Protein chains: 2
Amino acid sequence: MTDTALPFDTASLDRLAQVVVRTGLNLQPGQDLVVTASAEALPLVRRVTAEAYKAGAGLVTALLSDEEITRARYRHGHDDTFDRAPSWLYEGMAKAYGNNAARLAIVADNPMALSDMDAGKVARASKANSVAYKPALEKISGFDINWNISAYPGRAWAQLVFPDLDADAAQARLAEAIFAASRVDRDDPAGAWVAHNAELAARRDWLNGQAFHALHFRSSGTDLTVGLGDRHIWMGGASEAKNGVVCNPNIPTEEVFTTPHKDRVDGTVRASKPLAHQGTLIEGIEVRFEAGRIVEAKATRGEEVFLKLIDTDEGARRLGEVALVPYASPISESGVLFYNTLFDENAASHIALGQCYKDCLGGTKGLSDDEVAALGGNSSLIHVDWMIGAPDTDIDGITVAGERVPVFRGGNWA
Amino acid sequence: MTDTALPFDTASLDRLAQVVVRTGLNLQPGQDLVVTASAEALPLVRRVTAEAYKAGAGLVTALLSDEEITRARYRHGHDDTFDRAPSWLYEGMAKAYGNNAARLAIVADNPMALSDMDAGKVARASKANSVAYKPALEKISGFDINWNISAYPGRAWAQLVFPDLDADAAQARLAEAIFAASRVDRDDPAGAWVAHNAELAARRDWLNGQAFHALHFRSSGTDLTVGLGDRHIWMGGASEAKNGVVCNPNIPTEEVFTTPHKDRVDGTVRASKPLAHQGTLIEGIEVRFEAGRIVEAKATRGEEVFLKLIDTDEGARRLGEVALVPYASPISESGVLFYNTLFDENAASHIALGQCYKDCLGGTKGLSDDEVAALGGNSSLIHVDWMIGAPDTDIDGITVAGERVPVFRGGNWA
């Protein structure tokens, strides 16, 4: 846990802490900060804390978790405990966010940490936590405050991603991949983020100006038309929270995204990367849509889990998000499968089954569920991203008049 | 942080976790537990969590701290931040204790961790924390719930205690000392604690039966008569919290203690060990009392800090506690100065300047401040223990009739 023992470049970790505080959070003088992180991520949490105070933070409060503590619960906990959550702690977090504290989550845990535990207990505890966490999460998902999710190269995660390397080498490789994806492997990360945000904003503004009726994806195994929601808005990169602070909620981020029309998706699509879902790897997904709904689905591995997933509810067979990511992006070029959505969804253009982003519809916030549905917004208990972008992906924008405009050619912006 | 890297016997750590949960907390089936600990103590926190769930715990919630995070605040924090505390978190803890959660604090930090920081900022932050923590602390100090403080051998702490050893050797020595003091260096720690609690109860009951008017301490440099509070009660070892659970609030513990009479302390006393106070070492303390009040005081090292301490308020020159600890106890025999009250106060008979224990007076709980004062109970903002027991300490009990009864001879129970 001491820096001297870290098998990777700590100067990049210094720069990551700066980018997280200045670009990711854009923490304001006097503003409090709540950090949730694995204790394993302490080398980054310490640097973030120092950077936050240098930026004039009020109070920085770190809530540190530990995989082994979590696993001890599933291993030894009495059955009654799995329907409960520490609501006093979640209520406190909601109170902090209600008082304008910024929120940082640092991802470091092994995505498969609970895959050998009782799935029923994990699901029950997850549900109880979701219920207790809801008042806090609403402040985040409602964008009341500036927030950010970033990553630290945890050792167990690294060994999952690089199973052929020893622990130190795997951690070093994951660190390199995170630093590159987060644009801190260079002299001027802050400048790189200004340029990157400008590029994402230009893509977003161009797409919003085009106001396409649909997108047409073509690549090997894919011929899919994705109708876009009525009065949809493309989002991506830096955004302004309701407290007036412009932040980058995800580091890394490569996507511009919007909400498709739940009834206007047709054709076939083949996943371009495996999907890690609740501890299971799903590979070779192929799906056919008719009038927005999946009518045929198969997978070469994990098919049962995938079929169960799309049967969660009616909305689970329809799209809630479409996102454009060029193949020429740091994450994609690394060729690494991270088993973590923060990275994998930024490696290739993707679609998500399930719940839509309401803020991407209608141009105003606070639409009712009926209004969202009338504009084509899908609703579901799930929101699962999967990658469909490939090196040969061509995308056309189709206007209301039926004209075609090249958007992607050969996997990248046209 | 992984077990394989620990330079000490982890089987003793397993036993310590069991003793903490079963004897220290006596955690009840279905009862929640809140653990505060340094992240460095994770090897113990993980074991305690597993033992707690095995004992039928409801939810175990660990709040992990980190010295470097704390130090980052003092190093880089804006001046405004030092009068604030994360009240949302402390209020949450108070709520958990109010719902009958047990409380465990694991001590592992370097006692001198903040000694190179701005003392004014440390004092201001400490005061702000005390104010915010008060609702939670009152549930603990009022003994509403079962609670315990135990220790884990932190590396920086170990190097302070054993400055001549390398880091691994120092940590191993501190671990040995903690395990011995906590009675987990043997085959049947639970049985050892039953026997030890029985012994402390017997001492306590004998002293309560005697109902001495005063104690007379004699050793080299010491000739001190300590009047005891009216209707004083001796306490020590396992005690019953208001929630009906019998627990051992301190592991280790060797003391039986009561409240002296604030106006009836006379004579001279020499400290038998150095006193570590707020990052300063005070050595060679010699003090003369008249009618309960210190009228002369000196020290061979840190005298200025000591004189400032006893000038905190009027009650800081009077006694709030007297505790009897035999010289033949595991901590004393280790010869180690821990720079930590949890250990050092259990190495020798001691007195404390300042605030008294109200529960040791009057035989009923909930006395008013005036009633406490009328019985001889002292009040002050401070409560600072210092060691006066030595290998040659003789103690006589003096009855109301003036008869003398041997209590200690040659440092141990007569």
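How many salt bridges does the rule find across the interface of chain B and chain A? In this predicted model, the count comes to 6 salt bridges, and one pairing that can be inspected directly is that of B:Arg84 with A:Asp32, whose closest N and O atoms lie 2.7 Å apart. Across the interface of chain B and chain A there are also 8 residue pairs in polar contact, both members of each pair having pLDDT 80 or more.

The elements that contribute two or more residues to the side of chain B that touches chain A are the helices α2 (42–54), α3 (67–76) and α4 (87–98), together with the strand β2 (60–65). Sorted by character, the residues on that side of chain B comprise 19 nonpolar, 7 polar and 10 charged.

As for the extent of the interface, 36 residues of chain B are in contact with 36 residues of chain A, and the two chains bury about 3300 Å² between them, with 71% of that area on carbon and sulfur atoms. On the side of chain B, the residues B:Leu59, B:Ile69 and B:Trp88 supply 22% of the area buried against chain A, which is more than any other three residues provide.

The two chains can finally be compared as copies. Chain B is superposed on chain A by a rotation of 180 degrees with 0.0 Å of shift along the axis, leaving an RMSD of 0.1 Å, and this is the relation of a two-fold axis. The same surface serves both copies, since 100% of the contact residues of chain B recur in chain A.

Key: Residues are numbered from 1 along each chain as its sequence is written. Chains are lettered from A and ligands numbered from 1 in the order in which they are written. This is a predicted model: local features need pLDDT of at least 70, side-chain atom pairs count only at pLDDT 80 or more; totals for chains, interfaces and linings use all residues. Side-chain values use heavy atoms; hydrogens and water are left out. Contact means heavy atoms within 4.5 Å. Buried area is the accessible area (1.4 Å probe) that two parts lose on being put together, summed over both. A salt bridge is a side-chain nitrogen of Lys or Arg within 4 Å of a carboxyl oxygen of Asp or Glu. A polar contact is a pair of N or O atoms within 3.5 Å; within protein, one must be able to donate a hydrogen and the other to accept it, and residues adjacent in sequence count only if both atoms are side-chain atoms. Helices (H or I, at least four residues) and strands (E, at least two) are DSSP runs, numbered from the N terminus. Ala, Val, Leu, Ile, Met, Phe, Trp, Tyr, Cys and Pro count as nonpolar, Asp, Glu, Lys and Arg as charged, and the others, Gly among them, as polar. Copies are superposed by least squares on the C-alpha atoms of residues with pLDDT of at least 70 in both.
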